[in-house]
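Me: Could you take a close look at one part of this model for me, the sheet, and walk me through how its strands are put together? If there's room, tell me what lies around it too.

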Amino acid sequence: MIAAILRWLDERLHLDDLIAPFRHKTVPVHRLTYWYFFGGITLFLFGVQVITGILLLLYYNAGANEAFESVQYIMTKVRYGWLIRSIHSWSANLMILTAFAHMFSVLFLKAYRKPRELTWVSGMLLLFLVMGFGFSGYLLPWNTLAFFATKVGTAMVGQVPIVGQPMMIFLRGGPQVTGATLIRFFGFHVAVLPGLVVVLISIHLFLVQRLGMSVPPKIEAEWVENPSARREMKFFPNFLLREMMAWYVAIGVLGALAAIFPWNLGVKADPFGSAPAGIKPEWYFLFMYQTLKVIPSKVWFVDGEVLGIVGCGLAGLLWLLLPFFDSEPPSRPKRWITGLAIFALMYVAGMSAYGFLAK
Amino acid sequence: MSGEQNTPPGSTRRRAIEYFLGGGILATFASFLYPVLRYVVPPPVADLGVNEVVAGKVGDLKPNSGAIFRFGSSPGLLILTSDGTYQALSATCTHLGCTVQYRGDLRQVWCPCHNGIYGIDGRNISGPPPKPLTAYDVHLRGDEIVVTHKREA
């Protein structure tokens with residue numbers, strides 16, 4: 001039956017030609033192959049976000065007077081609403097985690113070098129967008145923590161010299177964080193960012209498909225020395241089935257986290273209340289937050305805040321363009337980039353831990 | 001399918017594995033689908049228990065006019081007839097659910113969607129409405145006009 005439908009379609013659309021490249025695609029098999037899974041898991045979690053996000057839209061109400069109550073309604077009245085929202089929140093956090101893991105694995109396996117510079121750039125832009133999803137989505141329940149996190153986060157944008165103030169006003173929809181900000185963030189979260197992400201994912205996947213999988217230089221060298229050690233598996237179905245098993249595990253982790261640790265809602269935001277003690281951003285912004293905290297308020301004659309924000313911006317830009325600083329294969333990758341990558345990983349992990357533990 | 005005798009040894013085991021795998025995946029999807037299906041059906045609205053509302057104050061309405069009031073989660077129509085008696089009806093047209101209005105010029109209740117006409121007592125007179133509008137009890141409490149569901153006899 002299904003075979004007959006496929007044949008009918010194939011006769012008319014020649015789908016085989018479209019699938020053909022996937023049949024030829026292979027994945028190198030070596031001791032680090034498991035790192036290739038993280039991009040796929042991130043994509044899968046993005047799919048979970050799309051589905052649960054659409055479901056949340058059935059009941060969510062943007063607006064300073066309705067948002068908190070509508071999420072409360074989802075959590076308490078709608079059947080399995082708590083589950084859908086918890087999965088959306090947990091999947092968001094896991095997606096950021098796997099995206100970071102994917103980024104660092106690409107960095108350490110040197111998969112960003114020629115000819116894959118643009119794959120890296122599109123991936124970094126996706127990482128920024130995913131963080132934008134996190135930042136905008138965090139405000140939507142309109143609770144106290146989210147309200148002040150948004151206040152601080154947008155104020156940081158306002159510190160950027162020259163363009164900061166107009167950008168902050170644009171993000172907030174006015175000089176203050178109000179219901180107008182909530183409506184804007186809602187629009188970014190459900191329309192602007194998804195559109196951009198879909199375009200970038202398409203480009204990213206096209207490039208991955210076009211360029212094939214990268215083999216880490218060390219393993220490539222081993223294979224050149226000993227050609228009989230070279231192994232690959234077919235992407236379809238061998239690698240895809242393994243990838244799907246990883247997705248299945250991800251689903252299990254997600255379901256368990258959502259059921260055992262349902263995401264709580266907190267207290268409704270009061271724009272005229274004072275900020276609660278111990279307020280912190282989401283964990284994936286902690287390293288930046290903590291960096292800004294440890295910079296003294298005046299460094300020489302420059303404002304510490306401004307220095308930190310401009311520094312973070314420049315670091316982000318450097319990261320985005322990192323492939324263009326490295327050498328082209330087959331020459332050895334530059335040592336300092338590996339050093340910088342290790343430093344970055346330690347810095348992000350260390351500052352996050354510091355930020356988590358600091359009072 | 002061809003040649004059951006030629007089945008290689010172990011293919012029953014393979015098939016059993018396939019059933020387990022397929023069944024497991026199906027069960028997984030069912031376990032996703034069930035909460036989602038329950039989720040998309042909105043929970044019942046809570047304010048169904050309303051049995052009595054204050055539809056207005058004496059003197060709000062001119063004789064031979066009507067006004068819409070909220071009766072729980074649905075609209076009601078309060079009419080002050082030209083002879084000075086109050087009448088309350090459900091304002092939801094029995095045809096396709098539009099909200100009806102009182103027409104002083106016709107001295108009848110009119111649904112603008114498909115030109116349905118009801119009498120002041122709610123009886124369906126002409127046009128598409130298949131059933132009369134539900135009539136409610138009206139009584140005065142001080143200067144408040146109180147509307148209640150008709151007691152079942």
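**The sheet and its surroundings**

Reply: Before the sheet, a quick stop at the start of chain A: just after H1(A), A:His14 takes a positive phi of about 50°. This is a predicted model, so keep that in mind throughout. As for H1(A) itself (residues 2–13), 0 of its 12 residues are buried, so the helix lies largely in the open. Its end C-alpha atoms are 16 Å apart, which agrees with the 16 Å that 12 residues should span at 1.5 Å a residue.

Now the part you asked about. The sheet belongs to chain B and is an open one, with 6 strands in the order E1-E10-E9-E4-E3-E2 and antiparallel pairing. At the edges sit E1 (52–57) and E2 (65–71) of chain B, each pairing on one side only. From one strand to the next, the twist averages 30°. In general, strands of a sheet pair through backbone hydrogen bonds, either parallel or antiparallel.

Let's go through some of the pairs. E3(B) (residues 74–80) runs antiparallel to E4(B) (residues 86–90), and 5 bridges join them. B:Leu80 has B:Tyr86 in E4(B) as its bridge partner. These two strands make a hairpin with 5 residues between them, and in the turn B:Gly84 has a positive phi of about 90°.

E4(B) also pairs with E9(B) (residues 135–141), again in the antiparallel sense, over 2 bridges. Here B:Ala88 is partnered by B:Tyr136 in E9(B). Moving on, E9(B) and E10(B) (residues 144–148) are antiparallel over 5 bridges, and B:Leu140 stands opposite B:Ile145 in E10(B).

What about the nonpolar cores? In the largest one, which has 59 residues, those touching the most other members are A:Leu45, A:Met95, A:Val130, A:Leu139, A:Trp142 and A:Ala146. Several helices of chain A give two or more residues to this core, among them H3 (37–57), H6 (117–139) and H9 (179–211). H5(A) gives the most, with 11 residues. Leaving aside residues up to four places away in sequence, A:Leu139 touches A:Ala146, A:Thr150, A:Leu182 and A:Phe185. There's also a second, separate core of 19 residues, which includes B:Phe71, B:Ala91, B:Cys111 and B:Tyr118.

Finally, where the two chains meet, the contact takes 9 residues from chain A and 6 residues from chain B. The chain B side is made up of 5 nonpolar, no polar and 1 charged residues.

Definitions and conventions: Residues are numbered from 1 along each chain as its sequence is written. Chains are lettered from A and ligands numbered from 1 in the order in which they are written. This is a predicted model: local features need pLDDT of at least 70, side-chain atom pairs count only at pLDDT 80 or more; totals for chains, interfaces and linings use all residues. Helices (H or I, at least four residues) and strands (E, at least two) are DSSP runs, numbered from the N terminus. The expected span of a helix is 1.5 Å times one less than its number of residues. A residue is buried if 20 or more other C-beta atoms lie within 10 Å of its own, exposed if 12 or fewer, and partly exposed in between; C-beta atoms are placed from the backbone. Two residues are in contact if their C-beta atoms, placed from the backbone, lie within 7 Å. Ala, Val, Leu, Ile, Met, Phe, Trp, Tyr, Cys and Pro count as nonpolar, Asp, Glu, Lys and Arg as charged, and the others, Gly among them, as polar. A nonpolar core is a set of buried Ala, Val, Leu, Ile, Met, Phe, Trp, Tyr and Cys residues joined through C-beta atoms within 7 Å. Two strands pair if DSSP finds at least two bridges between them. Axes are lines fitted to C-alpha atoms, for helices over the stretch in contact, and angles run from 0 to 180 degrees between N-to-C directions.
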